[in-house]
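Work through the exercises below with the sequence and the 3D structure in view, and try each task before reading its solution.

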Amino acid sequence: MKKKLPPLLIGALLGASLFLHNLNASEGPSDAKGLVIFPPEIVALPIEQAILTSPPRVPPPLTRKHSARVVVNLEVREINMPIADGADYTFWTYGGTVPGSFIRVRQGDVVEFHLNNHPSSKLPHNIDLHAVTGPGGGAASTFTAPGHTSKFTFRALNPGIYVYHCATAPVPMHIGNGMYGLILVEPPEGLPPVDQEFYVMQGDFYTSGRFGETGLQTFDMAKSIDEHPTYVLFNGAVGSLVGDKALVAKVGEKVRIYFGVGGPNLTSSFHVIGEIFDQVYYEGGSKTQDNVQTTLVPSGGAMMADFKVDVPGTYVLVDHSLSRAFNKGALGMLKVVGDEDRVIYSGKEIDSVYLGSQSEAGSESSRREAELKARIAAEIRSNPTIAGLTKEAQEERGKQVYMGVCFACHLPDGKGLPNVFPPLAASDFLLADRERSVRIVLKGLSGPVTVNGTTYNSAMPPHETALTDQQVADVLTYVFNSWGNSGDAFKADDVKAIRNERH
Ligand SMILES: [Cu+2]
């Protein structure tokens, strides 16, 4: 799996890192330029502390009608957090979250920026703010060792929504570990008022294991160089904007999404299923485009989209490069509550309902799995029901795999589609041979099969690269114990044996 880096590339990476170090040695603490002496009109400006917020929240609009000297204190922390259910990742963060804290200033403000690198960090970091006019966007001036703090000052000359990110070598690794966020520079007159503002960023992640593989994951440099992400995520984790964590708005409200792409590599075709953006401040600039379905957001770029929500329901945020949404995690939800307007929307369109119930079923079953795990722990010493509970937990895990992978063809109720997809519910073909079912999931199936007296002649794709042995065992345990089927639990080791068999 793991490729070795070619020596030339390693040389280039080291070179880049040394280059940055040299840059910083000449402009770093030993050679710091000292405090800037402001002219009287700047000294006269009021000083205020910036309010920073964690995603998906945005600081309140600025109401003042004058410039200020704004003090920003941003702390870098390297922390383990979930990237998916049961999978942790060591994220490098600005403010403890991915994306980092949202910063809001006004055009003309003089920003006194403090970058604090927590003593527990293992590496130096810096920040390049695209809102800065000046070399490196502040990168060289903010190169900060663990347990140190750096300060520099800049004037916010241009209004817009801007990405900030770490620019310490190897830069794609720092960004790939989550070091990016957004800074909004409001025009002096402010932005048009809206009822709700949300903060969402997309990033691509390169983990040692496959999508969904549990345990602590590490950064895979070879995958990053090949631009083959394991995860493409909104706000740093699978499900970060789903179920209980969905964005919420009321019918009739005007919503604004500040959406940025940290990368390090992919651009986003950002789309909200079931909505049309009334205005898009494309590329984060001052002009708007009206009535946009999907907007392209480059890596290291951002935009703002305003839209009124007219009818209730669940609206799904996706990167419309849809494998990223359905197989790599780039999926979020906006839940709109309130009264229906059946003239605008009759309730028959399929997209939002279909996807919404899929995501809901998934998050419902992860909650249920957590409950069951707690119960198993409590029962473990004394109770003979342990075996039954373990199997039930496996079924719940399997349900999540089913709702992510199989449901699209075999449908959530396992009944399939007449003449197209055979049923799994009460399938005589399925129940007749357990090993064959493992083989079908791993290697796929084509040619005629007869299920409950009806012949299907189609093709099912193999899932051996998409699913781990445990996931195959889980999904089949779920299938064999749902919709009236019954059977024992499947074991990952048995799946492994079949995966490795030769013909
Ligand atoms: Cu960094």
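The exercises that follow deal with aromatic ring pairs and with charges over rings.

This is a predicted model, in which local features need pLDDT of at least 70 and side-chain atom pairs count only at pLDDT 80 or more, while totals for chains, interfaces and linings use all residues. Residues are numbered from 1 along each chain as its sequence is written, and side-chain values use heavy atoms, with hydrogens and water left out.

**Exercise 1.** Classify the pair formed by the rings of F113 and F152.

Solution. Rings of Phe, Tyr and Trp (its six-membered ring) pair if their centres lie within 6.5 Å, and planes under 30 degrees apart count as stacked, over 60 as edge-to-face and the rest as tilted. The centres of F113 and F152 are 5.9 Å apart and their planes stand at 50°, so the pair is tilted. Next, locate the partners: F113 is in strand β5 and F152 in strand β7, 39 residues apart, where a strand is a DSSP run of E of at least two residues, numbered from the N terminus.

**Exercise 2.** Decide whether Y231 is buried or exposed, and do the same for F211.

Solution. Buried means under 20% relative accessible area, exposed over 50%, and partly exposed in between (1.4 Å probe, protein chains only). Y231 has 0%, so Y231 is buried, whereas F211 has 27% and therefore counts as partly exposed.

**Exercise 3.** Find the ring that lies under R436.

Solution. A charge sits over a ring if NZ of Lys or CZ of Arg is within 6 Å of the ring centre and within 35 degrees of the ring normal. R436 lies over the face of F429, 3.6 Å from the ring centre.
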